[in-house]
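Got the viewer open and a selection box ready? Follow along, one pick at a time.

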Amino acid sequence: REFFAGIVDLFRTSQLHGMKPNLPVFYLHGDGHNWDIKQSRVSIVLDWPNFVDIQVDQGALADPCIVEIAPMNTDGSIIPFQVEHPLQYVFADGLVRVDRQRGLYNTNPI
C-alpha cells in the first residue's frame with residue numbers, strides 16, 4: 001500500500017478538494033536504491049498533477065539533495081525557478097526546485 005493512499009478520501013471530501021490542482025505535495029523518501037521522480041498513484045486517482053513521488057538514491061547513504069522553495073516578490077507573486085542544469089527538476093510552475101547534484105559544486109561556499 002502506497003504511503004499516501006490513506007489520504008485519498010480526505011482530499012475527495014474536504015474543503016481542500018478544490019485547492020488540490022494548485023497545492024503541491026512532494027513525498028520525498030529513500031525507500032529504494034535509485035533516483036526516481038514520478039507521479040504517485042494518488043496523483044492519478046485524484047487527478048492531481050502536483051502530487052509527486054521523489055525517491056532519492058541510496059537512502060541515508062546518499063549526500064543530501066537540495067529542495068528549494070521559490071522566493072516571493074513584495075506583491076506576493078513568486079519568482080519562479082528555472083532548470084539550470086540536467087540534474088535539477090522544477091515542479092508546480094516553478095514553485096519548487098529539487099537539485100539532485102546535492103550541492104556538490106566547485107563554487108559551493110560550504
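Start by selecting Asp99, which sits in strand E6 (residues 96-99). Helices (H or I, at least four residues) and strands (E, at least two) are DSSP runs, numbered from the N terminus. One thing to know before you zoom in: this is a predicted model, where local features need pLDDT of at least 70 and side-chain atom pairs count only at pLDDT 80 or more, while totals for chains, interfaces and linings use all residues. Residues are numbered from 1 along each chain as its sequence is written, and side-chain values use heavy atoms, with hydrogens and water left out.

**Asp99 and its surroundings**

What does a buried Asp99 have for a charge partner? Asp99 has no salt bridge, and the nearest side chain of opposite charge, Arg97, is 6.0 Å away. Here buried means under 20% relative accessible area, exposed over 50%, and partly exposed in between (1.4 Å probe, protein chains only). For charges, Lys and Arg count as positive and Asp and Glu as negative; His and the chain ends are not counted. A salt bridge is a side-chain nitrogen of Lys or Arg within 4 Å of a carboxyl oxygen of Asp or Glu.

Now add Gln88 to the selection: its side chain and that of Asp99 are joined by a polar contact of 3.2 Å. That term covers a pair of N or O atoms within 3.5 Å; within protein, one must be able to donate a hydrogen and the other to accept it, and residues adjacent in sequence count only if both atoms are side-chain atoms.

Next, pick Pro86, in the loop between E4 and E5. Pro86 is exposed, with a relative accessible area of 72%. Put a C-alpha to C-alpha distance on Pro86 and Asp99 and you get 9.2 Å, for residues 13 apart in sequence.

**The Arg97 network**

Stay in E6 and select Arg97 with Glu68: their side chains meet in a salt bridge, 2.8 Å from N to O. This pair links distant parts of the chain, with Arg97 in strand E6 and Glu68 in strand E4, 29 residues apart. Arg97 counts as buried at 7% relative accessibility, while Glu68 counts as partly exposed at 24%.

Then bring in Glu84, which forms a salt bridge with Arg97, the closest N and O atoms being 3.4 Å apart. Glu84 is in the loop between E4 and strand E5 (88-91) and Arg97 in strand E6, so the pair ties together parts that are 13 residues apart in sequence. Glu84 counts as exposed, at 61% relative accessibility. Show Glu68, Glu84 and Arg97 together: salt bridges that share partners join them into one network. By the 4 Å rule, the count comes to two salt bridges.

**A nonpolar patch**

Switch to a surface view and colour Leu28, Val67 and Ile69, which form a nonpolar patch with about 270 Å² of accessible area together. Patches are made of residues with over 30% relative accessible area and no salt bridge: like charges are joined within 9 Å, nonpolar side chains (Val, Leu, Ile, Met, Phe, Trp, Tyr) within 5 Å. The areas come from the Shrake-Rupley method with a 1.4 Å probe; for residues, only the protein chains shown count as cover. Within the patch, Val67 belongs to strand E4 (residues 66-69) and is partly exposed, at 43% relative accessible area.

**Strand E3 and its partners**

Back to cartoon view. How many residues of strand E3 (residues 51-55) are buried? Five of its five are, so to select E3 is to select a mostly covered strand. Phe51, Asp53 and Gln55 point one way, Val52 and Ile54 the other.

Two strands pair if DSSP finds at least two bridges between them. Strand E1 (residues 25-29) runs parallel to E3, with five bridges joining them; look for Tyr27 opposite Asp53. Strand E2 (residues 36-39) is antiparallel to E3, with four bridges, and Asp36 has Gln55 as its bridge partner.

**Last stop: two positive phi values**

Select Ala92 and Asp93, both found in the loop between E5 and E6. Most residues other than glycine have a negative phi. Ala92, however, has a positive phi near 55 degrees, and Asp93 has a positive value of about 55 degrees. Which of the pair is buried and which exposed? Ala92 counts as buried at 16% relative accessibility, whereas Asp93 counts as exposed at 77%.
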